[in-house]
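Me: Could you take a close look at one part of this model for me? I'd like to see how a single helix packs, and then what goes on around the DNA.

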There are 2 protein chains.
Amino acid sequence: MARAATTTDAFNAVAEPRRRQILDALAGGERPVNDLVALLGLAQPLVSKHLRVLREVGLVNVRDDGRQRLYRLNAGPLRPVYDWVKNFEAQWTERFEQLDVVLEELKERELGSEDGHGGDQ
Amino acid sequence: MARAATTTDAFNAVAEPRRRQILDALAGGERPVNDLVALLGLAQPLVSKHLRVLREVGLVNVRDDGRQRLYRLNAGPLRPVYDWVKNFEAQWTERFEQLDVVLEELKERELGSEDGHGGDQ
DNA sequence: TTGACACATACCCATATGGGCATATGATTG
DNA sequence: CAATCATATGCCCATATGGGTATGTGTCAA
C-alpha cells in the first residue's frame with residue numbers, strides 16, 4: 001500500500017504546509033476561498049482541493065453566502081495531534097538535554113571500565 | 001509534484017502511525033530494532049525503513065552495540081509540531097465551543113432580520 | 001572456517017498525491 | 001436572457017510511498 005490518504009486523519013492532513021497555512025489563516029475567522037487564494041498565492045483550484053481535504057477530516061466547516069463559500073476553522077480534530085506530541089515536550093527542555101549528556105558520559109565510563117578490552121579476530 | 005517526502009520534516013514523518021508507535025516505544029528508552037519489530041508486530045525490513053525515515057528527520061539516533069543497533073529518541077524535531085498545534089488548543093476548550101454556538105446564533109438572528117436591523121432579544 | 005544472528009538495502013507494485021489546466025456548477029448582475 | 005464572478009471538479013502526470021520478499025553486510029558463536 002501507498003502512503004495513507006491525506007484525508008485519513010488530522011496528522012496526515014496537516015502534514016501539508018499549505019493546509020497548515022490555511023488553518024492559520026482561518027484562525028483569524030471565517031474566510032471566503034478567494035481570500036485564501038490571495039493569501040497563499042496559490043491557484044484557486046489548488047486551494048479548493050486543500051480545503052476539500054480539510055473538510056473531509058473535519059478541520060473546517062463551510063457555509064454558503066451568496067456566491068461565496070465561507071470556511072471556518074474547526075480545530076477539534078487537531079486534538080489527537082496535540083495530545084500525542086504534548087507527551088514529548090519534556091524531552092526537549094534544557095534539563096532533559098543535560099540529562100542526556102550525563103547519561104552519555106556514564107555510558108562511556110561504563111564501557112571504559114569494562115574489564116580489559118578484547119575484541120579482535 | 002507528488003506529496004512531500006516523509007523525510008521532509010517531522011510533520012510528514014509523524015503522519016505515519018507506525019512511526020508514532022516507534023517514537024512512543026523509544027520514549028521508554030533506547031531499544032534495539034528487534035524489540036521494535038516485536039512490539040509493532042511488523043516485518044523487520046519495514047521497521048528498518050521507518051527507522052530510516054525517523055533518522056533522516058533527526059527524530060532518532062543510533063548507536064552500535066555488538067550486532068545490534070540501539071535507537072534512541074531525539075524529540076527535538078517535534079518541537080515545531082508542538083509549537084504549531086499548541087496555538088489551536090484554546091479552540092477546542094469548552095468555553096470556546098460555547099462561544100462558537102453563540103456566534104452561530106447571532107448569525108442566524110442577523111439573517112432573520114435581514115433588511116431591518118432591529119434589536120430584539 | 002562455517003553458520004547463525006541483527007540489521008539494512010534493493011527491487012517490485014499499487015496507490016494517491018499535489019500541481020497544472022480546462023471546464024462544470026451556481027449565484028449575481030446587467 | 002447573457003455575461004460574469006466565486007468555487008468545485010475532472011483529467012493528466014511524475015513522484016514517493018509502505019508493504020512484501022530476497023539478499024547484502026557485519027558481528028558473534030562453535
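What follows starts at helix α2 of chain B and moves out from there.

Reply: Sure! First, this is a predicted model, so local features need pLDDT of at least 70 and side-chain atom pairs count only at pLDDT 80 or more, while totals for chains, interfaces and linings use all residues. Residues are numbered from 1 along each chain as its sequence is written, and chains are lettered from A and ligands numbered from 1 in written order.

Helix α2 of chain B covers residues 17-27 (helices are DSSP runs of H or I with at least four residues, strands are runs of E with at least two, and both are numbered from the N terminus). One partner is α3(B): the two axes come within 11 Å and cross at roughly 120 degrees (axes are lines fitted to C-alpha atoms, for helices over the stretch in contact, with angles from 0 to 180 degrees between N-to-C directions). That angle makes α2(B) oblique to α3(B) (under 35 degrees is roughly parallel, over 145 roughly antiparallel, 65 to 115 roughly perpendicular, the rest oblique). From α2(B), the residues R18(B), Q21(B), I22(B) and A25(B) meet L36(B), L39(B) and L40(B) of α3(B) (contact means C-beta atoms, placed from the backbone, within 7 Å). Sorted by class, that patch has five nonpolar residues, one polar and one charged (Ala, Val, Leu, Ile, Met, Phe, Trp, Tyr, Cys and Pro are nonpolar, Asp, Glu, Lys and Arg charged, and the others, Gly among them, polar).

Now look at α2(B) with α4(B). Here the axes come within 10 Å and cross at roughly 75 degrees, and therefore these two helices are roughly perpendicular. R18(B), R19(B) and I22(B) of α2(B) touch H50(B), L51(B), V53(B) and L54(B) of α4(B). This contact has four nonpolar, one polar and two charged residues.

α4(B) also takes us to the DNA. With six residues, α4(B) gives the largest share of the surface near DNA strand C (near means a C-beta atom, placed from the backbone, within 6 Å of the strand). α4 of chain A and α3, α4 and β3 of chain B each supply at least two residues there. Altogether 28 residues surround strand C, with A2(A), A2(B), P32(B), N34(B) and P45(B) the closest. They sort into 13 nonpolar, seven polar and eight charged.

What about DNA strand D? There the largest share, six residues, comes from α4(A). The elements giving at least two residues each are α3, α4 and β3 of chain A plus α4 of chain B. Of 28 residues around strand D, the nearest are A2(A), P32(A), P45(A), A2(B) and G66(B). The class split is 13 nonpolar, seven polar and eight charged.

P32(B) is worth another look, since it's on the list of residues closest to strand C. Its bridge partner in β3(B) is L70(B). Strands β1(B) and β3(B) pair in the antiparallel sense over two bridges (pairing needs at least two DSSP bridges between two strands). The open sheet in chain B runs β1-β3-β2, with β1 (31-32) and β2 (60-65) as edge strands that each pair on one side only.

Finally, the two chains touch each other, with 20 residues from chain A and 20 from chain B. On chain A's side, α1 (10-13) and α5 (79-86) give two or more residues each, and α5(A) gives the most, six.
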